[in-house]
Amino acid sequence: MIRTGGVQQIARGLCQIMGREISKGNFNTNISQMTPRGTLQLPWSSINSVRTMAVLPWPFSFQPRDFSLPNSSWGSDMRRLYEHYNSQCEVETDDGEKKWGVWRRLPSYNRSLKYATGGVYLSKIIQSKARLFTRNIREQGAGFEYVVFVNKQEQKCVCVFQAGHLLEGPPGHVHGGAIATMIDTVTGTHATYLSGPVMTANLNINYRSPISLGSTVLLTCSLDKKEGRKTFVSCQVTNTDSSKLHTEATGLFLSITMGHLLGG
Ligand SMILES: CCCCCCCCCCCCCCCC(=O)SCCNC(=O)CCNC(=O)[C@H](O)C(C)(C)COP(=O)(O)OP(=O)(O)OC[C@H]1O[C@@H](n2cnc3c(N)ncnc32)[C@H](O)[C@@H]1OP(=O)(O)O
C-alpha cells in the first residue's frame with residue numbers, strides 16, 4: 001500500500017513522466033518485471049483507479065545511457081564473457097519467434113529512481129547531481145566496468161567486472177573497498193531481482209587472493225535462502241575461468257517499502 005505522500009509523489013512522478021495518471025494504490029516494483037528491451041512491466045494490475053497502464057519505459061530519465069553495454073574500454077575477456085552470456089539471453093523458436101533464454105542482461109543506469117528525495121539532505125539541487133556510486137566516473141574503463149546477467153530459474157546471477165585504474169588499492173591491485181562495492185552492488189541487485197526493493201543489512205567478506213588492476217573477474221551470486229523479509233545471498237569472485245578464488249562473501253538483505261527509501 002502507498003503509505004506516504006512521498007511514495008505517492010514518486011508514483012505520480014513516474015506516471016507523469018510517461019504521460020499517464022495514477023490516483024492511489026499499490027506501488028511495489030520488481031526488476032524481474034523488465035522486458036527484453038529494458039523497459040519495465042510495472043504491476044499495474046494491483047493499482048486502483050488507473051487509466052491505461054501498459055508496458056512503461058524504465059523510470060530513470062529520458063533516453064538514459066545503458067552502462068552495461070560494451071564500450072571501447074572493454075578488454076577481450078570482458079567482451080568474450082559478455083558475448084557468452086548475452087547470446088543466451090534470447091533464443092529463436094522453430095517458427096522464428098524470439099523468446100527469453102535462461103539469462104537476462106540487466107540494464108544499468110547512473111541514477112536510480114529519479115524522484116527519491118533522500119530526506120532533508122538531498123535538496124533538489126543536489127538531487128540533480130546524485131549518481132549511482134559505481135557509475136559516476138565519466139572516463140570509460142577508468143572505474144567500474146560491469147554487466148550483470150540473471151538466471152531466474154537457477155536463482156543465480158553473474159557479473160562480469162573489469163576493474164579500472166582508478167580503483168587501485170595495493171600497488172597494481174584492486175582496492176578492497178572497490179571489491180566490496182561490487183559485491184554489495186551485485187548481491188543487492190540479485191536480492192532486488194528476487195525479492196523486490198531491499199537494503200543491505202549485513203555483508204561478510206573474505207579476501208582470499210588479490211585482483212590485478214585492469215583484469216576482468218566474475219562475480220557469481222546465488223540465493224541461499226529467503227525467510228520472510230530476509231534474503232540471504234552468497235557471492236564468489238573468481239578469475240574468468242573460475243579456477244582461482246579471489247573473494248567470497250555472504251549478504252543479508254531486508255525487504256523495504258519505498259517509504260523507507262524516502263524517509264517517509
Ligand atoms: C529500490 C528500487 C531498486 C531499483 C533497482 C536499482 C538497481 C540499482 C543497483 C544498485 C544496487 C545497489 C545495492 C546496494 C545496496 C546498499 O548498499 S543499501 C545501503 C547500505 N545499507 C543501509 O544503509 C541499511 C541501513 N539499515 C537499515 O536501514 C535498517 O537497519 C534495515 C536494514 C532496513 C533493517 O531495518 P528494519 O526494516 O527496521 O528491520 P529490523 O526490524 O531491525 O530487523 C528485521 C529482522 O532483520 C534482522 N536484522 C536486521 N539487521 C540485521 C543485521 N545487520 N544482521 C542480522 N540480522 C539483522 C533483525 O534481527 C530482525 O530479525 P527477526 O527478529 O525478524 O528474526
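This is a short tour of the structure in your viewer, stop by stop. Keep in mind as you go that the model is predicted.

**Stop 1: the whole chain**

Start with everything shown as a cartoon. You should find five helices and nine strands. Follow the chain along its sequence and the elements come in the order α-α-β-β-β-α-β-β-α-β-β-β-β-α. The chain has 264 residues, and 28% of them count as buried. Now look at what touches what: among contacts with a separation of 6 or more, 63% join residues that are 24 or more positions apart.

**Stop 2: helix α4**

Select residues 176-195. This is α4, a helix of 20 residues. From first C-alpha to last it reaches 27 Å, close to the expected 28 Å. Is α4 mostly covered or mostly open? It's mostly covered, with 14 of its 20 residues buried. Step just past the end of the helix and you land on Gly 196, which has a positive phi, near 85 degrees.

**Stop 3: the largest nonpolar core**

Keep α4 on screen and bring up the side chains of Val 148, Cys 157, Cys 159, Met 182, Val 186 and Leu 219. These touch the most other members of the largest nonpolar core, which has 38 residues. Which elements give two or more residues to this core? They are α2 (76-86), β4 (144-151), β5 (156-163), α4, β7 (216-227), β8 (230-238) and β9 (245-255). Of these, α4 gives the most, with eight residues. As a general background note, nonpolar side chains tend to be buried together in soluble globular proteins.

For a closer look, centre on Cys 159. Setting aside neighbours within four places in sequence, Cys 159 is in contact with Tyr 146, Val 147, Val 148, Val 186 and Leu 219.

**Stop 4: the turn before β5**

While you're here, select Gln 155, in the loop between β4 and β5. Its phi is positive, near 50 degrees, and the residue isn't a glycine. Gln 155 counts as partly exposed because it has 16 C-beta neighbours inside 10 Å.

**Stop 5: strands β7, β8 and β9**

Next, show β7, β8 and β9 together. β8 pairs with β7 in the antiparallel sense over nine bridges, and β8 also pairs with β9 in the antiparallel sense, over nine bridges. Want to see individual partners? Cys 221 has Cys 235 of β8 as its bridge partner, while Lys 230 is partnered by Leu 254 of β9.

Now turn on the side chains of β8. In a regular strand, side chains alternate between the two faces of the sheet. In β8, Thr 231, Val 233, Cys 235 and Val 237 point to one face and are buried. Lys 230, Phe 232, Ser 234, Gln 236 and Thr 238 point to the other face and are not buried.

Then visit the two turns. The hairpin of β7 and β8 has two residues between its strands, and Gly 228 there takes a positive phi near 60 degrees. The hairpin of β8 and β9 has six residues between its strands. Select Ser 242 in that turn: it has a positive phi near 65 degrees without being a glycine. Is Ser 242 buried or exposed? It counts as exposed, because it has 11 C-beta neighbours inside 10 Å.

**Stop 6: Ala 249**

Move along to Ala 249, in strand β9. Ala 249 is buried because 22 other C-beta atoms lie within 10 Å. Show its contacts, leaving out residues up to four places away in sequence: Ile 183, Leu 203, Asn 204, Ile 205, Ser 234 and Cys 235. If you like checking distances, try the C-alpha atoms of Ala 249 and Leu 203; they are separated by 7.0 Å, though the two residues are 46 apart along the chain.

**Stop 7: around the ligand**

Finish at the ligand. There are 16 residues around it, and Gly 188, Pro 197, Thr 200, Ala 201 and Asn 202 come nearest. The elements that give two or more residues to this shell are α4, β6 (198-207) and β9. Which one gives the largest share? That's α4 again, with five residues. Colour the shell by residue type and you'll see seven nonpolar, seven polar and two charged.

How values were computed:
Residues are numbered from 1 along each chain as its sequence is written. This is a predicted model: local features need pLDDT of at least 70, side-chain atom pairs count only at pLDDT 80 or more; totals for chains, interfaces and linings use all residues. Helices (H or I, at least four residues) and strands (E, at least two) are DSSP runs, numbered from the N terminus. A residue is buried if 20 or more other C-beta atoms lie within 10 Å of its own, exposed if 12 or fewer, and partly exposed in between; C-beta atoms are placed from the backbone. Two residues are in contact if their C-beta atoms, placed from the backbone, lie within 7 Å. The expected span of a helix is 1.5 Å times one less than its number of residues. A nonpolar core is a set of buried Ala, Val, Leu, Ile, Met, Phe, Trp, Tyr and Cys residues joined through C-beta atoms within 7 Å. Two strands pair if DSSP finds at least two bridges between them. A residue is near a molecule or strand if its C-beta atom, placed from the backbone, lies within 6 Å of it. Ala, Val, Leu, Ile, Met, Phe, Trp, Tyr, Cys and Pro count as nonpolar, Asp, Glu, Lys and Arg as charged, and the others, Gly among them, as polar.
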